[in-house]
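Biologist: Could you take me through one part of this protein slowly, as you would for someone in their first year? I would like to see how its pieces fit around each other.

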Amino acid sequence: MDRLPGGAEENELTRHRPLRVRGRSLAWVPPVLLLTLIALIDWNTTGEFRIISWIVLVPGIAAAICGVLGTAVIAVLSLCVYFLVDNAWPGQYQAGWPDFVLVALGGILACLACAVRVRGERRMLHMRDIAETTRRTVLRPIPPGLGGLDHAAVYLAADSEARVGGDFYDIQPSPHGTRVLLGDVQGKGLAAVEAAAALLGTFREAGYHEKDLATVAARLELRMLRHRGHTAALGREDGDRFATAVLLDFPRGEPDVVDVMVFGHDPPLLVGPDGVRPLAPGDGLPLGLGELTRDGLPSVRRVRLGPGETLLLTTDGVTEARDAEGRFYPLTTEVAGAVAADPRAAEPRRLVAWVRDRTLRHCRGRLADDTTVFAVRRGDEPFLGEGRLQS
């Protein structure tokens, strides 16, 4: 990714600096107030107790909160104040040139420290932009109504600085129906992101071209095995990586059914105005481990949808969130209570926001794993698969 243009990068840095009121920086106020306070106290004390040399602290304060130019101005102002105040005293009480040199040296070091700090901030912003681009590539934005589905999603990385992890999801319209994939790659870090990107790339192609959902699943299983083989050939230690997943298919012309395949993942919850229906656990192993069972891929289960029912899919960041006493988050019970209190809670956007907030409250904001909440149901818009949105 290219770096931000100079002006844009500078504006971004300025926005993230503290002490801003209506877009204007007030970072200069604390060091100027400190400088004024030191000068006043020194002027009103006896000659035996002078604190004018404390001015050396002022450029250091500026270096922590101001830009390089602002720090340099504060450093020069500190020297001027020192010179004026010190020379206002009789000769026997003056701190003299040694302390003047100390203040000057402190100003120079403060400017250097500020330059290092600003450079670090620019690097941090650059890395954040890279992480954000990676997130948008792996978890691309999904247009509203894509494939005739009403959907909502929220992703929370356990590492707030990384912004991306091993959770993945996507919607892929096709001439045969609209496919949905949600999963969680085993492990964390960039290796997990790499595996998630590989699976999503395969899903976006196979989900569009393949007619049968089982064939899409077979392509995903093969892609996971190929990815593991590639990483093993590179001598990496993640050659046994796998991914749990849920694969859905909303067939064309059948608005009241959905086909479901579960690969070692928590099955979806069917959430509707009348309550919550948990689906039975899937019979498949995670992607990448299908060769360990005689049956291979899990079976495709057809589920009939009730009016207004939403499929709620989550990763284990939700179900394994713990409170202060170590208790897991009771997702099914909590969602059932929410829908009973307000049937509109079954709407995807409301449902996702509610589960996110309750999960964070349950674990006091301390997520132990990447967390994804995804809700999807048939929408009122026409099917978008052929033609305009063949994404």
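Biologist: Let us start with T315: is T315 buried or exposed?

Modeller: Happy to help! First, a word on what we are looking at: this is a predicted model, in which local features need pLDDT of at least 70 and side-chain atom pairs count only at pLDDT 80 or more, while totals for chains, interfaces and linings use all residues. Residues are numbered from 1 along each chain as its sequence is written, and side-chain values use heavy atoms, with hydrogens and water left out.

T315 is buried, with a relative accessible area of 0%. Buried means under 20% relative accessible area, exposed means over 50%, and partly exposed is in between, using a 1.4 Å probe and protein chains only. T315 sits in the loop between strand 11 and helix 8. Helices (H or I, at least four residues) and strands (E, at least two) are DSSP runs, numbered from the N terminus. Leaving out residues up to four places away in sequence, T315 touches D167, L182, G183, D184, H265, D370, T371 and T372; contact here means heavy atoms within 4.5 Å.

Let us follow one of those partners, G183. G183 lies in strand 5 (residues 177–185) and is buried as well, at 0% relative accessible area. Apart from its neighbours within four places in sequence, G183 is in contact with G166, D167, F168, T244, A245 and T315. G183 and F263 are 80 residues apart in sequence, and their C-alpha atoms are 8.7 Å apart in space.

Strand 11 (310–314) and helix 8 (316–319) lead us to another element, since both are among the parts that cover the buried residues of helix 10. The cover also includes strand 3 (149–156), strand 8 (269–272), helix 9 (331–341) and strand 12 (371–378). Helix 10 (residues 348–362) has 15 residues and reaches 21 Å from its first C-alpha to its last, close to the 21 Å expected at 1.5 Å a residue; the expected span is 1.5 Å times one less than the number of residues. Its buried residues are P348, L351, V352, V355, T359 and H362. They cover an arc of only 105° around the axis, so they are on the same side of helix 10; the arc is that of the directions from the helix axis to the C-beta atoms. Here is a handy rule: an α-helix has 3.6 residues a turn, so residues three or four places apart point the same way. On the other side of helix 10, R349 and R361 are exposed. After helix 10 comes R364, with a positive phi near 55°.

Strand 12 also takes part in an aromatic pair. The structure holds 3 aromatic pairs, counted when ring centres of Phe, Tyr and Trp (its six-membered ring) lie within 6.5 Å; planes under 30 degrees apart count as stacked, over 60 as edge-to-face and the rest as tilted. The rings of Y82 and F100 have centres 5.9 Å apart and planes at 50°, so this pair is tilted. Y169 and F374 also form a tilted pair, at 5.4 Å centre to centre with 45° between the planes. Y169 lies in strand 4 (residues 167–174) and F374 in strand 12, so the pair ties together parts that are 205 residues apart in sequence. Y169 is buried at 10% relative accessible area, and F374 is buried at 0%.
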